[in-house]
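Here are a few short exercises on charged side chains and how they pair. Have your viewer ready and work along at your own pace.

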Amino acid sequence: MPRAKFQTLTEQMFYILLCLREECCGMDILDMVPAITQGRVNVGSGTLYNLLEQFAQAGMIRVTKVEGRRRSYLLTDFGRDTLRREYERLCAQAEDYRLAFGEE
C-alpha cells in the first residue's frame, strides 16, 4: 500500500514550510533554508518550485502576491498542522533514540 502524500516530510519539505510561516517568495526560501540550517540543508530551485506547486495544490500554502514571475507564498492552517505533525514525529524519533541508548 503506498503511503499518503506528505504523510512524512523530507528535510527540504520541512524547511520550505518552516520558511513560509511568514510571507516570502522562492528566492527568499533559497536563501533562508541554508541560513536556518547553517548550511546543512540546501534546496535546489527545481526542487523548490516543484514542491511549492505541490504544496499549493494540496492546500498547505497559498499564493499571496504575484508580481510578474515572482510569487509570494504563506503557510495555511493545514500546512501549519502538517508541519507540526512532522515536528512531533521527529521529536518522537529522537526520544526513541534516547531511550534505546539510555541517554537522559
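The exercises below start with the conventions and then turn to salt bridges.

**Conventions.** This is a predicted model, in which local features need pLDDT of at least 70, side-chain atom pairs count only at pLDDT 80 or more, and totals for chains, interfaces and linings use all residues. Residues are numbered from 1 along each chain as its sequence is written, and side-chain values use heavy atoms, with hydrogens and water left out.

**Exercise 1.** Find how many salt bridges the protein has.

*Solution.* Start with the rule: a side-chain nitrogen of Lys or Arg must lie within 4 Å of a carboxyl oxygen of Asp or Glu. Applying it gives four salt bridges.

**Exercise 2.** Work out which parts of the chain the pair Arg40 and Glu11 ties together.

*Solution.* First, check the distance: N to O is 2.4 Å, a salt bridge. Next, place the residues: Arg40 sits in the loop between α2 (26–36) and α3 (45–58), and Glu11 in helix α1 (residues 11–19), so the pair links parts 29 residues apart in sequence. Helices here are DSSP runs of H or I with at least four residues, numbered from the N terminus.

**Exercise 3.** For the salt bridge between Glu86 and Arg89, decide whether Glu86 is buried or exposed.

*Solution.* The closest N and O atoms are 2.6 Å apart. Both residues belong to helix α4 (residues 77–100), three residues apart, or about one helical turn. Now apply the cut-offs: buried is under 20% relative accessible area, exposed over 50%, partly exposed in between (1.4 Å probe, protein chains only). At 4%, Glu86 is buried, whereas Arg89, at 29%, is partly exposed.

Conventions. Helices (H or I, at least four residues) and strands (E, at least two) are DSSP runs, numbered from the N terminus.
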